[in-house]
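New to this one? Have a look at the structure first, then read on for a guided walk through it.

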Amino acid sequence: MKPWSRTIFSTVVVSLLVGACSSGGGTPVPGTASPATQPSVPAASQAPASAAADVCTAPNAKSGTTLTFASYGGVYQKAQRQGWLDPYSKLTGVKFTESEDSANATIKAQVESGQVTWDVVDVGNDFGLDSNSNVLEPLDFSLIHKDEILPGFVGTYRVADITYGVVLAYRTDKTNGQTPQGWADFFDLTKFPGKRGMYDYSAGGIFEIALMADGVAPKSLYPLDIPRAIKKLDTIKDKLVFWPGGAKSQELIGSGEVTMSLMWNGRAWSAKNLDNKPVAIQWNQQILTADYLVVPKGTPNKDEAMKFIAWATCAQNNAAPSQFIPYGPTNKNSKPQADKVPDLAVSNVNDTTAYFDDKYLIDNAKSIDDQYNAWKTK
Amino acid sequence: MAVQGRPAARTGRRWRSGLRINRWAWLAFPTIVLLVVFFLAPLVLMAIRSVTDPPNAGLSNYQTFFVSEADVRVLGNTFYIAAISTVVCLVIGYPYAYLMHVVRPRIAGLLLIAVLVPFWSSLLVRTFAWEVILRDTGVINSLLMSWGIISQPLALIRNTLGVILGMSQILLPFMVLPLYAVMRRIDPDYTQAAANLGASPAKAFRRVFLPLSLPGVAAGTLLVFVLALGFYITPTILGSPRETMISRFIADQIQQRLDWGLGTAMAVILMILTFVALALASRAVRLRDVFGSAEDGA
């Protein structure tokens, strides 16, 4: 064998090894959209410090503490950083390190191994009820203003930090000038031809919207009639394009790969306002839900974590991230910036608005998920 | 793989003596420690967890798996898709490796690079590239539609076709390289002799070259098949839920459902079935030739 071909061959072998290692794992994490022009000054936190020294204006935090805040990254976490973390640091001297890969599994792993490095974690509505009590600290409601939080959005181990809507988003250029009125139109392939984007998760709204499309009232969704939902879903199964996360949903509707999609309202807003795509939201029959802050059990910074959570859910601070991304406050008394109000899910609540029954979804997670998997892989 | 054979090419004879191996054996020590600590031990812990989570689980996780309609279907999918990918790789890879074998060495080098260049970019990047090419609003469909050849997009993605295209491209080097390694070792005099004895080129290929290349076929097939069994991202991105493979379900159990007992049981099942596949294959081919083809005739 000639020397040069020998070189090639060893390169081959090395790259085979490298390739073999890389071909197995990893989670697809499509890049998040870049934020558009943003107001530079976080406004909400600048409440006068002269007011009564309570947790909302002058939290008794230990300067120099470093809290680790875990959330979902991208423009979302950036909004939380600008709205909450930076102002809180400035106010108290508490420093933050961040993790952008919040996952229920990681919380479980940290607690089980006794190596808890996350202090405050932003989680979805499918986590943080009593069934997760083994991995979470009960929140300190002597600090958190529980009575000001929207009813149903606070529990022993979690308090909602932002609200959002699971909405019907559609391409205004592909609906022949008609406006889809609700989920029934999502399933109407004759009136609105084209593919449909769908969150690939059994508790992400797929069964709820199918039932609403089939005529079930938003208030009567639970207990879920899954066979009925599946029958309805079968009518559009071949047109469904599943997305694993928000960035992908934004990309699917932006490229026109789908003409309608079940989406999180912030992602639909980004497609329209950041990517400049002809996308609109139908707020009718939105499912209003939230992300929650939790504290993993055994964190050494428990007390400081509680103070920060109490501060971030205060009336004067809670709406701050909504300046940057249209995810709304959870504190009833919180006032978002006026020009942001129309884009928030909480501002678009009406008689048709639905709510997840988190307890039902968590208690029945296995059965719901099994039925979902059996249906979708068939 | 062939790694250990390479640096010794010049001193091959001394390398083979027992004395040398003993003196240098300690070099393998870090590797062995690494394997035990970061591979073997976690594997054992995983297997233990599959029967102890929840406490006193016994075989209940395994039972859960085998009574679940979706789990069994997805396990079947996994082997089905892995098998098709392997066949496609063989059908493309054999002629390709043969071409590399018959052309001048410099051209063979170029062909080798052509197989490998995609290999140097991330699997994710390549999979997303396939998506951009294949989807309804992708390169192929928008071109064909703008030329008026089709009016509706062709179904190239979110089906078995998309998954097989993506996986075959990623796995092709694992087929071509073992094939080429074996073919290179076939003495050209054999086919020459067959021709001298009156065999047509086709017959010489069929009766002489092909049988001699079979160890390469076995090696490539086995390698590609076993690797394909573990695929996760490519079927998720290029397929529909009907093409879901078992690794994806394992990840769901671990990350989303937090059911680590069932998740680890699924992983153990995949591992056992992979070993079964290897055991079956070992009756047809010496595994040593597949995974330790050190003695190439350089």
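What follows is a short tour of a predicted model, chain by chain and then piece by piece.

## The two chains at a glance

Let's start with chain A. Twelve helices and nine strands make it up, and 52% of its 378 residues are buried. Chain B has a different makeup on paper: 15 helices and zero strands. In chain B, 34% of the 298 residues are buried.

How much of the contact pattern joins residues at least 24 apart in chain B? Counting contacts between residues at least 6 apart in sequence, the share is 74%. For chain A, residues 24 or more positions apart likewise make up 74% of the contacts with a separation of 6 or more.

## How confident is the predictor?

Chain A has a mean pLDDT of 88, with 86% of its residues at 70 or more. There are weak spots, though. Residues 1-5 of chain A have pLDDT below 50, and the model gives this stretch six contacts beyond near neighbours in sequence. Residues 7-52 of chain A also stay under 50, with 74 contacts in the model beyond four places in sequence.

## Chain A: two domains and a core

Chain A splits into domain 1 (66-163 + 290-348) and domain 2 (165-289 + 351-376). Their C-alpha centres are 26 Å apart. Where they touch, domain 1 of chain A supplies 16 residues and domain 2 of chain A supplies 17 residues. On the domain 1 side, helix 2 (residues 74-92) of chain A brings the largest share, three residues.

Now for the inside. The largest nonpolar core has 101 residues, and the ones touching the most other members are A:V120, A:V159, A:A169, A:F308 and A:I309. Strand 4 (residues 159-171) of chain A contributes the most to this core, at nine residues. Both domain 1 and domain 2 of chain A put at least three residues each into this core. Zoom in on A:I309 and, leaving out residues up to four places away in sequence, you'll find it touching A:V120, A:L139, A:I144, A:V159 and A:L293. A second, separate core has 57 residues, including B:M100, B:I164, B:L227 and B:V268.

Another residue to click on is A:I162, which sits in strand 4 of chain A. Is A:I162 buried or exposed? It has 30 other C-beta atoms within 10 Å, and 20 or more is the mark for buried, so A:I162 counts as buried. A:I162 and A:P329 are 167 residues apart along the chain, yet their C-alpha atoms are separated by 5.2 Å. Setting aside residues up to four places away in sequence, A:I162 touches A:A290, A:D291, A:P321, A:Y327, A:G328 and A:T330.

## Chain B: helices with and without cover

Two helices of chain B can be checked against the span you would expect at 1.5 Å a residue.

| Helix of chain B | Residues in helix | Expected span | Distance between end C-alpha atoms |
|---|---|---|---|
| Helix 3 | 24 residues | 34 Å | 32 Å |
| Helix 5 | 34 residues | 50 Å | 50 Å |

In each case the two values agree. Neither helix is free of bends, however: helix 3 of chain B bends by about 35° at B:V36, while helix 5 of chain B bends by about 30° at B:G93, with a proline, B:P95, following within four residues. Helix 3 of chain B is also hardly covered, with a count of one buried residue among its 24 residues.

Why is helix 13 (residues 246-256) of chain B described as largely enclosed by the rest of the structure? Because eight of its eleven residues are buried. Those are B:I246, B:S247, B:R248, B:F249, B:I250, B:D252, B:Q253 and B:I254. The buried residues of helix 13 of chain B pack against helix 3 (104-113) of chain A, and also against helix 5 (69-102), helix 12 (233-238) and helix 14 (260-284) of chain B. After helix 13 of chain B comes B:L258, which has a positive phi, near 55°.

One last stop is B:L222, in helix 11 (residues 201-229) of chain B. B:L222 counts as buried because 24 C-beta neighbours lie inside 10 Å. The C-alpha atoms of B:L222 and B:F174 are separated by 9.5 Å, with their positions 48 residues apart along the chain.

Definitions and conventions
Residues numbered from 1 in each chain as written. Chains lettered and ligands numbered in written order. Predicted model: local features only at pLDDT ≥ 70, side-chain atom pairs only at ≥ 80, totals over all residues. Helix = DSSP H or I, 4+ residues; strand = E, 2+ residues; numbered from the N terminus. Buried ≥ 20, exposed ≤ 12 C-beta atoms within 10 Å, placed from the backbone. Contact = placed C-beta atoms within 7 Å. Expected span 1.5 Å × (residues − 1). Bend = angle between axes of the 7 residues up to and from the residue. pLDDT = per-residue confidence, 0-100. Core = buried A, V, L, I, M, F, W, Y, C linked by C-beta atoms within 7 Å. Domains from an automatic or database assignment.
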